[in-house]
Amino acid sequence: MPTPTHSPAQVGRYRYTPPTGRWWWSDGMYVVHGMAPGDVVPTLALMSRHMHPQDRARVMDALGQCGLDGEPFGCQYRLLDLGGAEHWVTLTGAGEPGEDGQRTVTGFLVDVTAAQRDAVAHRVNEELTQALRSHAVIDQAKGAFMLGYGIDGDAAFELLRWGSQQRNVRLLTLAERIVAAVEGGGGLGSDTRQRLDDFFFASLTDAPAEAAAGTSPGLRATFDTTGDVPVVRVEGPVDLATAHELTAAVTQLMIAAREAGAMVVDLRLVSHLGSVGVSALTAAHRRSASAGVRMRIVLSPGTSLGLAGAHGLDVISAPADEVPTLDQAAPAG
């Protein structure tokens, strides 16, 4: 693809004698202002009228100061030409002795509109590239959640946003970490890959929707009492997509347990807990302790589900046919 070319920047030269107010312009000065050479007699007032109102005071101060001390200056401003078009220009100047010992200011006026436009276009392209990259990475993280939990794109995005807000991590950063972890871990696991294979080949048929139909397993919570102690029995996987259901169930149980001062969370039918479930139970444990309610967690014998010794939780094991009580001693540690 050929590289775009721009017309050479218009450059004008000027000489200004502050004591007399006399100006001299080169032909380029007239062209930058949208005039034919010699159309008008250049004056400070004419220069001022072609400066953008928001820039005028700053440029006039620079010219005036140079007329007093002769120190070099450079400033950029928006020039409105004779036709009303706006140009970005750079004005430079420096003082030097003039005729009859009067100081003059001489310098250049350069139309940098094309360069300014290129800089803006470059910045917009960079921002657009970054936005597209961010969108792609976030979509990849959403896709991992959609495949792993069997949820739609909106629900997957809400999980990402929730995690971002909970841990004060930028959404893009969180998505990048998730994608890197999935890629580094070799994907979502053999079970997910096998199911994806089935969905893929079923989708090649004329009626893929029926073959690929299915719902993501959720949590089931049933409430009961043992003696006067409220109990919730939880069944199913506790993961990022269902942790809010566990939190809701435990919160409901906690309300009922305020009078008894104790409650039991029975996880013997939970197939998977994971770190997000541990986090939800740890938060519930803090809330129950603040409310003066003892929370006991029950697991099947030989099953830890990642809870062993987690943050001082009260965890015991009991066979499936045994009714757990608060009298059973929890293991130390």
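Trp25 is buried, at a relative accessible area of 5%. I start with that residue, and I should say at once that the model is predicted.

Trp25 has a ring partner, Tyr30. The ring centres of Trp25 and Tyr30 lie 5.2 Å apart and the planes meet at 70°, so this pair is edge-to-face; the cut-off for that class is over 60 degrees. Tyr30 also counts as buried, at 7% relative accessibility.

Now the strand that Trp25 sits in. Trp25 belongs to β2, residues 22-25, where the side chains alternate. Which residues of β2 point to the face with the buried side chains? Trp23 and Trp25 do. Arg22 and Trp24 point to the other face, and those two are not buried. For Trp23 the relative accessible area is 8%.

Next, the neighbour of β2. Strand β1 covers residues 11-17 and runs antiparallel to β2, with four bridges joining them. One bridge pairing to note is Tyr16 with Trp23 in β2. The hairpin of β1 and β2 has four residues between the strands. What sign does the phi of Gly21 take in this hairpin? It is positive, near 75°.

Back to the rings. In total the structure holds three aromatic pairs. One of them is Tyr14 with Trp23: the centres are 5.7 Å apart and the planes are at 35°, so the pair is tilted. To spell that out, planes under 30 degrees apart would count as stacked and planes over 60 as edge-to-face, so an angle between those limits is called tilted. Tyr14 is buried, with 3% relative accessible area. Which residues make up the aromatic cluster that includes Tyr14? Tyr14, Tyr16 and Trp23. Trp23 therefore appears in three roles here: as a buried side chain of β2, as the bridge partner of Tyr16, and as a ring tilted against that of Tyr14.

Last, the whole protein, for context. There are 10 helices and 10 strands. Of the 333 residues, 37% are buried. Taking contacts between residues at least 6 apart in sequence, 52% join residues at least 24 apart. The accessible surface is about 19,300 Å², and carbon and sulfur atoms account for 54% of that.

To close, two items to look at on the screen: the edge-to-face pair of Trp25 and Tyr30, and the cluster of Tyr14, Tyr16 and Trp23.

Notes:
Residues are numbered from 1 along each chain as its sequence is written. This is a predicted model: local features need pLDDT of at least 70, side-chain atom pairs count only at pLDDT 80 or more; totals for chains, interfaces and linings use all residues. Side-chain values use heavy atoms; hydrogens and water are left out. Buried means under 20% relative accessible area, exposed over 50%, partly exposed in between (1.4 Å probe, protein chains only). Two strands pair if DSSP finds at least two bridges between them. Contact means heavy atoms within 4.5 Å. Accessible areas come from the Shrake-Rupley method with a 1.4 Å probe; for residues, only the protein chains shown count as cover. Rings of Phe, Tyr and Trp (its six-membered ring) pair if their centres lie within 6.5 Å; planes under 30 degrees apart count as stacked, over 60 as edge-to-face and the rest as tilted.
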